[in-house]
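In these entries I record what I looked up in the structure shown below. I proceed from single residues to a helix pair and then to the whole protein.

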Amino acid sequence: MIIGGSLATRVGGRSVLLFAVLLWSLSTVITPLIAHSISGLIICRILLGLGEGLGLPTIFHVYAHYVPAEERSRAFGYLIAAGGVGQTVAAVLCPHLPWRTSFILLGLLGLAWLPLWCLLYPDTGDAESEGFMSRSGAAKVRWAEFVSHWPLWAIYIAHFAMNWSNYIIMHWLPTYLSRTLGANTESISLTAVPYIVNSVVGVAAGHLADRLITKKQWTVLSVRRLMTTVGLVGPAVFLLLFCAVTNLPAALLLVSIVMGFCAFNSAGHLSNHAEVAPNHAGVTFAISNTLATIPGILCGPVTADLVTASQGRWFPVFALAAAVNLVGAIVYYSQSSALQLLGLQRYSMMESYRERV
């Protein structure tokens, strides 16, 4: 991801995203053809990961350069919602297809996207003039700068906190519903509902955030803080309530509310990259998303240990997730900024302090 964000900054988002989608699409199409070879399969999965790693930071770079500030919240809302819809459709569709067909179909869809991208994305031929954003006054940024500002760490920590709750739900919700509430296989398929709610609310939150900025004259920083606070505190509250649920419909309702609140983050800290580092949003997002994958590694064994140590009780799991969210919300609210931090020599720590105050 960090390579993708850096490449997008150097050579432009058009070429990098084109290469990324081509790479992950080809590797997906080829997978059924070489699945008989363990080494070939491993190579294909590595190429898939490389392509996907390049992709998302490059998209953030493109958004920072092509989406005006007054439309940015809803643009990120649609981006996150589209990802959720894609995951839901694939999860529902693929179990009903032969596995080879699933790989080939989804890979071909990616390849069909490539000519549309070339037609719709203008080729400026110059990474420095990409998009509407002026780069005058921009300066080269040392790598240490990406971890030297509290407002950047506020984004990183908020992203980490958001993902901790998301990974708990993603990894453990089916297990919790089946073992604690006795859900059967058909009922488990309803776990797609919270992700649909997440997509719908994400779009609505984006429109609301942009309206607060353009119509109500809120500052960008106030909107980012509001959306992130709702997106972290809301899930924390309803995760604690989730512990008291004793039936499946109520559980799905509460999880849907959790995912709905979580969607507000798309108009909060996830949109904040384009303000604090407009010329390097791909790199800052890559660092943030890399750190935010740590919960995906930790929450599995931590959850198992907590449930085992508490003799099958899940309250410690949800209490820890709520605590992580609350810490993330406090750090982001107190340390975030909407000033450009990277690429301008004139930015100082005093300006960062004044902006937060």
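**Entry 1: Leu 342**

I looked up the contacts of Leu 342 and, with neighbours within four places in sequence left aside, I found Val 141, Glu 145, Phe 146, His 149, Leu 152, Val 276, Ala 277, His 280 and Thr 284. I note that the model I am reading is a predicted one. Leu 342 lies in a loop, the one that runs between helix H14 (315-335) and helix H15 (349-356). I then asked whether Leu 342 is buried or exposed. Its relative accessibility is 1%, and Leu 342 counts as buried because the limit for that class is under 20%. I also looked up one pair of C-alpha atoms: those of Leu 342 and Val 276 are separated by 6.8 Å, although the two residues are 66 apart along the chain.

**Entry 2: Thr 31 and Ile 42**

I turned next to Thr 31, which is part of helix H2 (residues 13-34). With a relative accessible area of 2%, Thr 31 is buried. What does the side chain of Thr 31 reach at 2.6 Å? I found that it reaches the backbone oxygen of Ser 27. Not counting residues up to four places away in sequence, Thr 31 touches Leu 41, Cys 44 and Phe 103.

I compared this position with Ile 42, which I located in helix H3 (residues 38-66). Ile 42 has a relative accessible area of 47% and is therefore classed as partly exposed. The C-alpha atoms of Ile 42 and Thr 31 are separated by 9.5 Å, and the residues are 11 apart along the chain.

**Entry 3: Helices H6 and H9**

I examined how helix H6 (residues 150-180) packs with helix H9 (residues 220-242): the angle is about 30 degrees and the axes are 11 Å apart. The crossing in which H6 passes H9 is left-handed. On the H6 side, the contact is made by Ala 158, Ala 161, Met 162, Ser 165, Leu 173 and Tyr 176. On the H9 side I listed Thr 228, Leu 232, Leu 239 and Phe 242. I sorted the residues of this contact by type and obtained 8 nonpolar, 2 polar and no charged.

Asn 166 is also found in H6. I recorded a relative accessible area of 16% for Asn 166, so this residue is buried. Leaving aside neighbours within four places in sequence, I found Asn 166 in contact with Met 259 and Cys 262.

**Entry 4: Two loop glutamines**

I looked for the backbone angle phi at Gln 217 and found a positive value of about 60 degrees, although this residue is not a glycine. Gln 217 lies in the loop between helix H8 (193-214) and H9. Gln 217 is exposed, with a relative accessible area of 62%.

Gln 311, likewise not a glycine, has a positive phi of about 60 degrees. I placed Gln 311 in the loop between helix H13 (294-309) and H14. At a relative accessible area of 76%, Gln 311 is exposed.

**Entry 5: The whole protein**

How many helices and strands does the protein have? I counted 15 helices and 0 strands. Of its 357 residues, 49% count as buried. Among the contacts with a separation of 6 or more, 80% are between residues 24 or more positions apart. I recorded an exposed area of about 16,700 Å², of which carbon and sulfur atoms supply 69%.

Definitions and conventions: Residues are numbered from 1 along each chain as its sequence is written. This is a predicted model: local features need pLDDT of at least 70, side-chain atom pairs count only at pLDDT 80 or more; totals for chains, interfaces and linings use all residues. Side-chain values use heavy atoms; hydrogens and water are left out. Axes are lines fitted to C-alpha atoms, for helices over the stretch in contact, and angles run from 0 to 180 degrees between N-to-C directions. Helices (H or I, at least four residues) and strands (E, at least two) are DSSP runs, numbered from the N terminus. A crossing is left-handed if the near helix is turned anticlockwise from the far one by less than a right angle, and right-handed if clockwise. Contact means heavy atoms within 4.5 Å. Ala, Val, Leu, Ile, Met, Phe, Trp, Tyr, Cys and Pro count as nonpolar, Asp, Glu, Lys and Arg as charged, and the others, Gly among them, as polar. Buried means under 20% relative accessible area, exposed over 50%, partly exposed in between (1.4 Å probe, protein chains only). A polar contact is a pair of N or O atoms within 3.5 Å; within protein, one must be able to donate a hydrogen and the other to accept it, and residues adjacent in sequence count only if both atoms are side-chain atoms. Accessible areas come from the Shrake-Rupley method with a 1.4 Å probe; for residues, only the protein chains shown count as cover.
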